[in-house]
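Q: I should like to learn how to read the features of a protein model, one at a time. Could we work through the structure shown here?

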Amino acid sequence: MQLLLPVTINSSQTFSSFVTPENVQSVMTNEISRAIESSEFVALYLAGNDGSGKSHLLTSCCHHANEVGKSSMLLPLEQVVDSSPDLIIGLENVEVVCIDNIEAISNNREWETAIFNLFNALQQNNATIIFTALDVPTKTQISLPDLASRLQWGTLFQIPTLSEQDKSRALVQHAHFMGFELTEEVAKFMLNRLPRKMSFLMQALNTLAKQSIEKQRKVTVPFVKHVLEI
């Protein structure tokens with residue numbers, strides 16, 4: 001198999017640490033888990049805004065595949081689109097393929113053709129393919145009609161946008177998985193003082209975790225102010 005660009009799989013990003021409105025979470029993650037465990041071909045399509053947790057879910061899919069003894073690969077298209085599609089030669093032999101940000105290859109005929117061929121090969125091999133995108137398949141600007149059609153084959157999950165309460169809960173929960181305590185007071189302070197995009201908040205949380213361990217300090221509001229300079 002050709003080697004993909006190095007992709008760091010975050011060990012804390014699992015189904016159990018994924019935060020979305022509680023009435024949606026268990027249904028969605030249970031269905032995705034069953035799809036990964038299936039012995040038949042399954043295609044899934046996860047649509048959601050920036051910060052809704054699409055990349056987290058894909059990482060969770062890889063973790064779950066490994067837990068049930070299946071091979072998996074995460075392909076972040078926005079990171080590889082400037083490379084040759086030959087990069088994915090051999091990916092058809094993987095049992096669970098997670099493709100992040102399908103829009104990244106819009107109007108790139110070479111890459112669109114490669115993903116179309118990969119889809120067909122995975123179907124023949126009874127594998128699982130999971131896509132993420134900002135919008136539903138019918139609104140994704142894919143120029144290759146055959147690939148656009150294939151994207152509509154999959155079961156569609158629309159990931160709700162997180163409320164402020166959900167984001168606060170996500171910060172507290174992720175801190176717990178990272179091994180330190182973050183109070184709701186501190187989480188709300190971060191939301192009030194930092195950009196509210198979840199990827200930015202997670203980076204801030206990683207910085208706090210590192211500094212908390214190095215300095216042997218609890219993560220309090222004054223500590224956050226000092227470390228993040230806010």
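**Reading the core, the sheet and the helices**

A: The model is a predicted one. Let us begin with its largest nonpolar core, which has 31 residues; Leu77, Ile99, Ile102, Ile105, Ile115 and Phe131 touch the most other members.

Q: Which elements give two or more residues to this core?

A: They are S1, helix H3 (77-80), S3, H4, S4 and H5. The most comes from H4, with 7 residues.

Q: Which residues does Ile115 touch, not counting those up to four places away in sequence?

A: Ile115 touches Leu75, Leu77, Ile88, Ile99, Ile102, Ile105, Phe131 and Leu147. There is also a second, separate core of 25 residues, and Ala175, Leu194, Ala204 and Ala209 are among its members.

Q: How should the chain as a whole be read before the details?

A: One begins with the inventory of elements. The protein chain has 9 helices and 5 strands. From the N terminus on, their order is α-β-α-β-α-β-α-β-α-β-α-α-α-α. Of the 230 residues in the protein chain, 51% are buried. Contacts add a further view: among those between residues at least 6 apart in sequence, 74% join residues at least 24 apart.

Q: Where do the side chains of strand S4 point?

A: In a regular strand the side chains alternate between the two faces of the sheet. In S4, Thr128, Ile130 and Thr132 point one way, while Ile129, Phe131 and Ala133 point the other way, and all are buried. Strand S4 (residues 128-133) is largely enclosed by the rest of the structure, because 6 of its 6 residues are buried, that is, under 20% relative accessible area.

Q: Which way do the side chains of S3 point?

A: Val96, Cys98 and Asp100 point one way from S3, and Val97 and Ile99 point the other way; all are buried. Here 5 of the 5 residues are buried, so S3 is largely enclosed by the rest of the structure.

Q: How does one follow the pairing of the strands?

A: One takes each pair of strands, notes its sense and then looks at residues that stand opposite each other. Strand S2 (residues 72-76) runs parallel to S3, and 5 bridges join them; Ser72 has Val96 in S3 as its bridge partner. Strand S3 (residues 96-100) is in turn joined to S4 by 4 bridges, and these two strands run parallel. Across that pairing, Val96 stands opposite Thr128, and Ile99 stands opposite Phe131. Strand S1 (residues 42-47) also pairs with S4 in the parallel sense, over 6 bridges, with Leu46 opposite Thr132.

Q: What unit do S3, helix H4 and S4 make?

A: For a strand, a helix and a second strand, one asks about the hand of the crossover. S3, helix H4 (residues 109-124) and S4 make a right-handed β-α-β unit.

Q: How many aromatic pairs are there?

A: There are 3 aromatic pairs. In one of them, Phe41 and Phe119 are edge-to-face, at 5.4 Å centre to centre and with 70° between the planes. Phe41 lies in the loop between helix H1 (22-37) and S1, whereas Phe119 lies in helix H4, so this pair ties together parts that are 78 residues apart in sequence.

Q: Why is the pair of Phe119 and Trp153 edge-to-face?

A: The ring centres of Phe119 and Trp153 are 5.7 Å apart and the planes are at 75°, so the pair is edge-to-face; the cut-off for that class is over 60 degrees. Trp153 lies in the loop between helix H5 (145-151) and strand S5 (155-158) and Phe119 in helix H4, so parts 34 residues apart in sequence are tied together. Phe119 counts as buried, at 0% relative accessibility, whereas Trp153 is partly exposed, with a relative accessible area of 44%. Ring pairs link Phe41, Phe119, Phe131 and Trp153 into a cluster.

Q: How does one read a helix, with H6 as the example?

A: One considers its span, its buried residues and its end. Helix H6 (residues 164-178) has 15 residues and reaches 21 Å from first C-alpha to last, close to the 21 Å expected at 1.5 Å a residue. Its buried residues are Asp166, Lys167, Ser168, Ala170, Leu171, His174 and Ala175. These pack against helix H2 (54-67), helix H7 (184-193) and helix H8 (198-215). Just after H6, Gly179 takes a positive phi of about 100°.

Note on methods: Residues numbered from 1 in each chain as written. Predicted model: local features only at pLDDT ≥ 70, side-chain atom pairs only at ≥ 80, totals over all residues. Heavy atoms only, no water. Expected span 1.5 Å × (residues − 1). Buried < 20%, exposed > 50% of the residue type's maximum accessible area, 1.4 Å probe, protein only. Contact = heavy atoms within 4.5 Å. Pairing = 2+ DSSP bridges. Right-handed = clockwise from strand over helix to strand, strands pointing away. Phe/Tyr/Trp six-rings, centres within 6.5 Å; stacked < 30°, edge-to-face > 60°. Core = buried A, V, L, I, M, F, W, Y, C linked by side-chain atoms within 4.5 Å.
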